[in-house]
Amino acid sequence: MTFELRQAEISDRFAPSFLTKLAALRFGAPIILGWWQRRETEEALQWLSDRDLADIGVARHEIRAVARSQAQMDAMSAKSRAR
């Protein structure tokens, strides 16, 4: 009985904190993941030569905009899959 009571006290004490952290992770993780993907896309495109970029129709000064638009399309497709 003492062990069960102590376990209940511990879980009641830490549950709100844990749930708050889970909620922050739920809302923060997509933001961090989106940033990470944009960064990886920009980095990959920066490594391409000007000729390779011209082949895919991207100028070097457009790399950031292309990475952002790709991230937005990925987010929209993820939302449609979630429904």
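**Figure 1. Arg 39, a partly exposed residue, and its salt bridge to Glu 40.** In this predicted model, Arg 39 has a relative accessibility of 31% and therefore counts as partly exposed, a class that lies between the limits of 20% and 50% relative accessible area. The side chain of Arg 39 meets that of Glu 40 in a salt bridge, with a distance of 2.9 Å from N to O. Glu 40 is likewise partly exposed, its relative accessible area being 35%. Arg 39 also lies over the face of Trp 36, at 4.8 Å from the centre of the ring, and the side chain of Arg 39 thus appears again in the view of the tryptophan pair.

**Figure 2. The salt bridge between Glu 42 and Arg 64, which joins two helices.** The side chains of Glu 42 and Arg 64 meet in a salt bridge with an N to O distance of 3.7 Å, a value that falls within the 4 Å allowed for such a contact. Glu 42 belongs to helix H1 (residues 2-47) and Arg 64 to helix H3 (residues 63-82), so the pair ties together parts of the chain that are 22 residues apart in sequence. Arg 64 counts as exposed, because its relative accessibility is 51% and the class of exposed residues begins over 50%.

**Figure 3. The salt bridge between Arg 60 and Asp 50.** Arg 60 forms a salt bridge with Asp 50, and the closest N and O atoms of the two residues are 2.9 Å apart. The pair links distant parts of the chain, since Arg 60 is in the loop between helix H2 (50-55) and H3, whereas Asp 50 is in helix H2, with the two positions 10 residues apart in sequence. The two partners fall on either side of the 50% limit for exposure: Arg 60, with a relative accessible area of 31%, is partly exposed, while Asp 50, with 53%, is exposed. The structure holds 3 salt bridges, and Arg 60 with Asp 50 is one of them.

**Figure 4. His 61 in the loop between H2 and H3.** His 61 has its place in the loop between H2 and H3, the loop that also holds Arg 60. With a relative accessibility of 71%, His 61 counts as exposed. The C-alpha atom of His 61 is separated by 9.9 Å from that of Gln 46, a residue 15 positions away along the chain.

**Figure 5. The tryptophan pair and the nonpolar surface patch.** Ile 32, Trp 35 and Trp 36 make a nonpolar surface patch of about 360 Å². The count of aromatic pairs comes to 1, and this pair is formed by Trp 35 and Trp 36, whose rings are 6.0 Å apart from centre to centre, with 70 degrees between their planes. The arrangement is edge-to-face, because an angle over 60 degrees between the planes places a pair in that class. Trp 35 is partly exposed at 44% relative accessibility, and Trp 36 is partly exposed at 43%. Trp 36 is in helix H1, and Arg 39 lies over the face of its ring.

**Figure 6. Distances between residues separated in sequence.** The C-alpha atoms of Trp 36 and Ala 71, which are 35 residues apart along the chain, are separated by 9.9 Å. Gln 70, found in helix H3, has its C-alpha atom 8.6 Å from that of Thr 41, although the two residues are 29 apart in sequence. Gln 70 counts as partly exposed, with a relative accessibility of 32%.

**Figure 7. The whole chain, as a setting for the close-up views.** The secondary structure comes to 3 helices and 0 strands, and the pattern read along the sequence is α-α-α. Of the 83 residues of the protein, 10% count as buried. The accessible surface is about 7,400 Å², and 61% of this area belongs to carbon and sulfur atoms. The mean pLDDT of the protein is 78, with 72% of its residues at 70 or more. Among the elements, H1 has the lowest mean pLDDT, at 73, and H2 has the highest, at 95.

Note on methods. Residues are numbered from 1 along each chain as its sequence is written. This is a predicted model: local features need pLDDT of at least 70, side-chain atom pairs count only at pLDDT 80 or more; totals for chains, interfaces and linings use all residues. Side-chain values use heavy atoms; hydrogens and water are left out. Buried means under 20% relative accessible area, exposed over 50%, partly exposed in between (1.4 Å probe, protein chains only). Helices (H or I, at least four residues) and strands (E, at least two) are DSSP runs, numbered from the N terminus. Accessible areas come from the Shrake-Rupley method with a 1.4 Å probe; for residues, only the protein chains shown count as cover. pLDDT is the predictor's confidence in each residue, from 0 to 100. Patches are made of residues with over 30% relative accessible area and no salt bridge: like charges are joined within 9 Å, nonpolar side chains (Val, Leu, Ile, Met, Phe, Trp, Tyr) within 5 Å. Rings of Phe, Tyr and Trp (its six-membered ring) pair if their centres lie within 6.5 Å; planes under 30 degrees apart count as stacked, over 60 as edge-to-face and the rest as tilted. A charge sits over a ring if NZ of Lys or CZ of Arg is within 6 Å of the ring centre and within 35 degrees of the ring normal.
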